[in-house]
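Trainee: Could you show me, step by step, how to read a protein model when I have its sequence and its structure in front of me?
Mentor: Gladly; let us look together.

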Amino acid sequence: NEENPNISSPFFKARSYNGLEWSAISEADFTVYANYWDLKLTEMMYSPAIPNEAELARGWSRDDFAWLELQNTGRGVLMMKDIQFTTGISFVFPEANINPSERLVLVKNLEAFSSRYDTNSLNLFQGYSGNLARRGETLTLSSPTGETIFTFTYSNTWYPQTDQGNYSLVVVDINAEDPLWSLPENWKPSSVPGGTPGLSSKNSQ
């Protein structure tokens, strides 16, 4: 695979020859799939900058610029269909596959988001219901069968710059135990205003 050298083609076709004729072609899919718990929330903009006059004139509020970044941290392809946010915000992912290490960005309003960020090469999903609470709240992501993939609570009291300063929250350790995701020690403010949706935070340093 030229786009990702770590992923080889998973599809194979073969047929046999018995000395007289060839058999029909047999096809097999050897794709390695990730499990749902490989999906991690790696960055979130829960308190975007206040809209300027031009943005207000288009009817946009602060919530229209909010977003979350998720990453497939596993070694296989992750099937997103029917994975859903069940607390905090509501959103059911459509049919889509996410490759190992690939990130996606879930935005409230794609048009508003695109006015502030370069969307080239970003893997974007849009249109969740509800809003990311600026005071903090519990977010839960569930599998298609209702099992909890992750649940954690964030707070605007952790880092003032993520509340009023237009900085995003970035996870520190994606492998941290579940209880640590609800503690400020496992989060930090983004290194740049506006955050780095769809990119590793290291790329902005």
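**Reading the model**

Mentor: Buried residues, meaning those under 20% relative accessible area (exposed is over 50%, partly exposed in between, with a 1.4 Å probe and protein chains only), make up 43% of the 205 residues in the protein. This is a predicted model, in which local features need pLDDT of at least 70 and side-chain atom pairs count only at pLDDT 80 or more, while totals for chains, interfaces and linings use all residues. Residues are numbered from 1 along each chain as its sequence is written, and side-chain values use heavy atoms, with hydrogens and water left out.

Trainee: How many helices and strands are there in the protein?
Mentor: Helices (H or I, at least four residues) and strands (E, at least two) are DSSP runs, numbered from the N terminus, and here there are 3 helices and 14 strands.

Trainee: What is the order of the strands in the open sheet of 4 strands?
Mentor: Two strands pair if DSSP finds at least two bridges between them, and in this sheet the order is E7-E6-E11-E12, with antiparallel pairing. Strand E7 (91–92) and strand E12 (148–153) each have a single partner strand, so they stand at the edges and one side of each is left without a neighbour in the sheet. Strand E6 (residues 84–87) is joined to E7 by 2 bridges, and Gln84 stands opposite Val92 in E7. Between strand E11 (residues 138–142) and E12 there are 5 bridges, with Thr140 opposite Thr151. The hairpin of E11 and E12 has 5 residues between the strands, and there Gly146 takes a positive phi near 95°.

Trainee: Which residues touch the most other members of the largest nonpolar core?
Mentor: A nonpolar core is a set of buried Ala, Val, Leu, Ile, Met, Phe, Trp, Tyr and Cys residues joined through side-chain atoms within 4.5 Å; of the 36 residues in the largest one, they are Leu41, Phe85, Phe93, Leu132 and Tyr154. Among the strands that each supply at least two residues of this core are E11 and E12. A second, separate core of 7 residues includes Met45 and Tyr117.

Trainee: Is Glu55 buried or exposed?
Mentor: Glu55, which is found in helix H1 (residues 53–57), is buried, with a relative accessible area of 9%. A polar contact is a pair of N or O atoms within 3.5 Å; within protein, one must be able to donate a hydrogen and the other to accept it, and residues adjacent in sequence count only if both atoms are side-chain atoms. The side chain of Glu55 makes such a contact with the side chain of Arg116 (2.8 Å).
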